[in-house]
Amino acid sequence: MVSDLFERLGRELGIRALIDTFYDFMNELPEAVAIRKLHPDDLSESREKLYEFLTGWSGGPPLYTEKYGHPRLRMRHMPFPIGVAERDQWLLCMEKAFEKCQVDPEVQDFLRERFFQIADFMRNKEEPAVNG
Ligand code: HEM
């Protein structure tokens with residue numbers, strides 16, 4: 001568990017940089033084309049919402065909940081078909097963003113685990129089991 005996550009991410013500016021880098025990778029990486037297609041052509045609102053969400057979620061000002069109420073992330077992702085491939089594409093973009101933004105390795109480890117859990121929970125597609 002990482003305490004002071006908001007501080008350690010570099011507060012609003014650090015989180016903004018991480019999220020912008022994340023969506024830049026989603027825009028550019030051929031491996032992420034399936035999830036890019038699920039998003040609007042203009043990513044401005046997606047960038048803003050994820051920035052607002054992570055700011056509050058990491059212990060900073062509750063920007064997202066003030067505007068939109070409880071995140072109810074699983075429900076809000078229901079319009080988009082999300083399976084293992086989409087989950088892994090999202091996590092790949094975040095992994096690249098960690099590296100490029102030089103996020104503290106201990107913070108990376110913590111976020112990697114938590115983001116995996118959240119992304120995995122977003123899955124809403126019937127798929128054959130991967131390991132039998
Ligand atoms: C598992 C793979 C994921 C996919 C394919 C995905 C895809 C999307 C899409 C297409 C949108 C709509 C964007 C828009 O309206 O501009 C969205 C919104 C959002 N996503 Fe994800 N997402 C994933 C995982 C996550 C994770 C792990 C988090 C949090 C750590 C997250 C947080 C959000 C938030 C806060 C919104 C805005 C919700 C709203 O107010 O409408 N997503 N996502």
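Two residues are in contact if their C-beta atoms, placed from the backbone, lie within 7 Å. Among contacts in the protein chain between residues at least 6 apart in sequence, 74% join residues at least 24 apart.

The model is predicted: local features need pLDDT of at least 70, side-chain atom pairs count only at pLDDT 80 or more, and totals for chains, interfaces and linings use all residues. Residues are numbered from 1 along each chain as its sequence is written.

**Overall architecture**

The protein chain has eight helices and zero strands, where helices (H or I, at least four residues) and strands (E, at least two) are DSSP runs numbered from the N terminus. The C-alpha trace spans about 40 × 30 × 30 Å along its principal axes. For 132 residues, a compact globule would have a radius of gyration near 14 Å, and the 15 Å of the protein chain agrees with this; the radius is taken over C-alpha atoms, and the globule rule is 2.2 Å times the number of residues to the power 0.38. Buried residues make up 19% of the 132 residues. A residue counts as buried if 20 or more other C-beta atoms lie within 10 Å of its own, as exposed if 12 or fewer do, and as partly exposed in between, with C-beta atoms placed from the backbone.

**Nonpolar core**

A nonpolar core is a set of buried Ala, Val, Leu, Ile, Met, Phe, Trp, Tyr and Cys residues joined through C-beta atoms within 7 Å. The largest one has 17 residues, and those with the most contacts inside it are Ile15, Leu18, Ile19, Phe22, Cys93, Met94 and Ala97. Helices α2 (11-28), α4 and α7 each supply at least two residues of this core, and α2 gives the largest share, six residues. Not counting residues up to four places away in sequence, Ile19 touches Arg47, Leu50, Tyr51 and Leu54.

Phe25 lies in helix α2. With neighbours within four places left aside, Phe25 is in contact with Ala32, Cys93, Lys96 and Ala97. Phe25 and Lys96 are 71 residues apart in sequence but 7.3 Å apart in space, C-alpha to C-alpha.

Helix α7 has 17 residues and reaches 24 Å from its first C-alpha to its last, close to the 24 Å expected at 1.5 Å a residue; the expected span is 1.5 Å times one less than the number of residues. Its buried residues are Glu86, Arg87, Gln89, Trp90, Cys93, Met94, Ala97 and Phe98, and what covers them includes α2, α3 and α8.

**Ligand surroundings**

Of the 23 residues around the ligand, Ser46, Lys49, Phe53, Trp90 and Ala119 come nearest; a residue is near a molecule if its C-beta atom, placed from the backbone, lies within 6 Å of it. Helices α3 (33-38), α4 (44-57), α6 (73-77), α7 (84-100) and α8 (105-121) each supply at least two residues of this shell, and α4 gives the most, with five residues. By class, the shell has 15 nonpolar, three polar and five charged residues. Here Ala, Val, Leu, Ile, Met, Phe, Trp, Tyr, Cys and Pro count as nonpolar, Asp, Glu, Lys and Arg as charged, and the others, Gly among them, as polar.

**Positive phi angles and burial**

Most residues other than glycine have a negative phi. Arg72 has a positive phi of about 40 degrees although it is not a glycine, and for Gln102 the positive value is near 50 degrees.

| Residue | Location | Other C-beta atoms within 10 Å |
|---|---|---|
| Arg72 | loop between α5 (63-68) and α6 | 10, exposed |
| Gln102 | loop between α7 and α8 | 8, exposed |
| Phe25 | helix α2 | 21, buried |
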